[in-house]
Amino acid sequence: MTDTTATTAGVSHVHTVTAATDDAMRTLGRDLAALARPGDLLILSGPLGAGKTTFTQGLGEGLGVRGAVTSPTFIISRIHPSLAEGPALVHVDAYRLGGPEEIDDIDLDMTLPDSVTVVEWGEGVAEGLADDRLEIHIERHPDDTRTVHLRPVGARWADIELPGTAAGHG
Ligand SMILES: Nc1ncnc2c1ncn2[C@@H]1O[C@H](COP(=O)(O)OP(=O)(O)O)[C@@H](O)[C@H]1O
Ligand SMILES: [Mg+2]
């Protein structure tokens, strides 16, 4: 499914993917890892328990990084180095951050160029880190399935065929 949202940068297509199980959510993360490059910023939103960390676990698996991807209560940002030659995963939980001013204090711009940076609860907080980003909103349904809305922003993602997107769709 593809819908269209007007933005200041032109027209941005929101790709919608269904993740019926937590495994499907991890697979989506792995599929995105295959597309990810150093400098990428992924902003995750959706309520508590939506599957933001589950998605990030798949991303970490796909990138082949060291350490378990978890949601520790008192850690805002954790760097998972690559076990091979690839980019590190920088996993941020912005839940406790007050806003864009506070995300500046954790110096994500230092690691951003060489890493894949994922910010849980990043909506309204992390957009200023990069002009090009993938905004991922997870919707949780009563039957425990999830709908994932992938919104590419900027030239980096303009011609990328996102997972769950039928060939030929923009
Ligand atoms: N379709 C699904 N997608 C993602 N998680 C699911 C799904 N169905 C059940 N779950 C469960 O929901 C929980 C999601 O938790 P988590 O990924 O920590 O969410 P968040 O980081 O958004 O708070 C996990 O226990 C996961 O196993
Ligand atoms: Mg989480």
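1. A residue counts as buried if 20 or more other C-beta atoms lie within 10 Å of its own, as exposed if 12 or fewer do, and as partly exposed in between. In this predicted model, Leu 35 has 14 C-beta neighbours inside 10 Å and therefore counts as partly exposed.

2. Leu 35 belongs to helix α1. Its C-alpha atom is 8.2 Å from that of Ile 160, although the two residues are separated by 125 positions in sequence.

3. Helix α1 (22–35) also contributes to the surroundings of ligand 1: together with α2 (52–63), α1 is one of the elements that give two or more residues to the shell. The shell comprises 19 residues, of which Asp 22, Gly 51, Lys 52, Thr 53 and Thr 54 come nearest to the ligand. Sorted by class, the residues around ligand 1 are 6 nonpolar, 8 polar and 5 charged.

4. Two backbone conformations merit a reviewer's attention. Most residues other than glycine have a negative phi. Asp 107, which is not a glycine, nevertheless has a positive phi of about 55°. This residue, Asp 107, is placed in the loop that links α3 (100–104) and α4 (108–111). Asp 107 counts as exposed because it has 10 C-beta neighbours inside 10 Å.

5. Asp 144 likewise is not a glycine and has a positive phi, of about 75°. The loop between β7 (133–140) and β8 (146–153) contains Asp 144. With 11 other C-beta atoms within 10 Å, Asp 144 is exposed.

How values were computed. Residues numbered from 1 in each chain as written. Chains lettered and ligands numbered in written order. Predicted model: local features only at pLDDT ≥ 70, side-chain atom pairs only at ≥ 80, totals over all residues. Near = placed C-beta within 6 Å. Helix = DSSP H or I, 4+ residues; strand = E, 2+ residues; numbered from the N terminus. Nonpolar A, V, L, I, M, F, W, Y, C, P; charged D, E, K, R; others polar.
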